Amino acid sequence: MNRPFAVLVAAGAVMMFIVVGCRTTHDSQSDRRELPPSMEPTVLDYVDTDAFDVVFESALLNKDPVIIVRTPNEKPDWQGRLNAWIAAWNMGAKIEGRRVRGQIPAQIDAAFIKEFRELVFGLIERAEDLAKASSTWWHEDRARARRIALLRRYNLRFHMTEDKKIYLIFFNGDYSEQHAEFMTKLTGMEEGAWTRTVQCSMCEKYQPVSRKRRLPADGE
């Protein structure tokens, strides 16, 4: 083999090595699983206005992992369109003609839990009647059907904060693998797998503070 030909062969081998090496690197990168999405919640302050509906629906259309609706209420006695959103969530929970009514851990202070549970589930039971009386869009078939469909991928939690305000937390089932960790940090209690139910967190005075995830306060 003459020298020029040997040089060409060697150069070709080097080029092939580079091409194969680049392809291997590219393939290995494309085969990697994407990092889990940020679980930073989308936080909305509840105001009984059309603007709230627009922003909330936008978050649902975007399929945000966690949507937190902050209310100024210490009991679930708010007025207006929020009841229509709760009714829409409940309508989406129908299974073979029945509605999922939810589950609440009952191992701590039975009297307190019972009272809060009765208030929350009383609201769930009355949500459609409240929606009919207080929300214009509930009477619009297309808007109601669209929002019921958007809420189907979320479960619903009523959470009481340190300052006794009730927040509604909508968690997207597409991110169910992160549900237990996120909610455990939020509530300070061991949480289970994602299910499409309505749930309640315990009040602050019944939770160990050290493990809690801090929710954004008003104005943040």
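Begin by selecting the five strands that form an open sheet, which lie in the order β1-β2-β6-β5-β7 with mixed pairing. The edges of this sheet are β1 (42-45) and β7, each of which pairs on one side only. On average, and with direction ignored, neighbouring strands are turned by 20° against each other. Please note that the model is a predicted one.

**The whole chain**

Next, display the entire chain, whose secondary structure comes to six helices and seven strands. Followed along the sequence, these elements give the pattern α-β-α-β-α-β-β-α-α-β-β-α-β. Colouring by burial would mark 44% of the 220 residues as buried. Among contacts with a separation of 6 or more, 72% are between residues 24 or more positions apart.

**Strand β5**

Select residues 154-160, which constitute strand β5. Is this strand enclosed or open to the outside? Seven of its seven residues are buried, so β5 is largely enclosed by the rest of the structure. Both of its faces are covered: one side carries Tyr154, Leu156, Phe158 and Met160, while the other carries Asn155, Arg157 and His159.

**The neighbours of β5**

Strands of a sheet pair through backbone hydrogen bonds, in either a parallel or an antiparallel manner. Both kinds of pairing may be viewed from β5.

Add strand β6 (residues 166-172) to the selection; β6 runs antiparallel to β5 and is joined to β5 by seven bridges. For one point of reference, asparagine 155 has phenylalanine 171 of β6 as its bridge partner. The two strands form a hairpin with five residues between them. Within that turn, select lysine 164, which has a positive phi of about 70°.

Then turn to strand β7 (residues 198-200), which pairs with β5 in the parallel sense over three bridges. Here arginine 157 stands opposite glutamine 199 of β7.

**Strand β2 and the helix on the sheet**

Which strand pairs with β6 over five bridges? Select residues 66-70: this is strand β2, and its pairing with β6 is antiparallel. Isoleucine 67 has phenylalanine 170 in β6 as its bridge partner.

Now add helix α3 (residues 82-91), which packs on the sheet and touches β2, β5, β6 and β7. The direction of α3 makes about 135° with that of β5.

**Helix α6**

Proceed to residues 179-187, helix α6, and show the side chains of His179, Phe182, Met183, Thr184, Leu186 and Thr187, which are buried. The elements covering the buried residues of α6 include β2, β5 and β6. After α6 comes glycine 188, with a positive phi near 75°.

**Helices α2 and α5**

Finally, select helix α2 (residues 50-61) together with helix α5 (residues 141-151). Their axes come within 9 Å and cross at roughly 45°, which means that α2 is oblique to α5. The crossing of these two helices is left-handed.

Which residues make the contact? From α2, select Asp53, Phe56, Glu57, Leu60 and Leu61; from α5, select Arg146, Arg147, Leu150 and Leu151. Sorted by character, the residues of this contact comprise five nonpolar and four charged, with no polar ones.

Notes
Residues are numbered from 1 along each chain as its sequence is written. This is a predicted model: local features need pLDDT of at least 70, side-chain atom pairs count only at pLDDT 80 or more; totals for chains, interfaces and linings use all residues. Side-chain values use heavy atoms; hydrogens and water are left out. Axes are lines fitted to C-alpha atoms, for helices over the stretch in contact, and angles run from 0 to 180 degrees between N-to-C directions. Helices (H or I, at least four residues) and strands (E, at least two) are DSSP runs, numbered from the N terminus. Angles under 35 degrees count as roughly parallel, over 145 as roughly antiparallel, 65 to 115 as roughly perpendicular and the rest as oblique. A crossing is left-handed if the near helix is turned anticlockwise from the far one by less than a right angle, and right-handed if clockwise. Contact means heavy atoms within 4.5 Å. Ala, Val, Leu, Ile, Met, Phe, Trp, Tyr, Cys and Pro count as nonpolar, Asp, Glu, Lys and Arg as charged, and the others, Gly among them, as polar. Buried means under 20% relative accessible area, exposed over 50%, partly exposed in between (1.4 Å probe, protein chains only). Two strands pair if DSSP finds at least two bridges between them.
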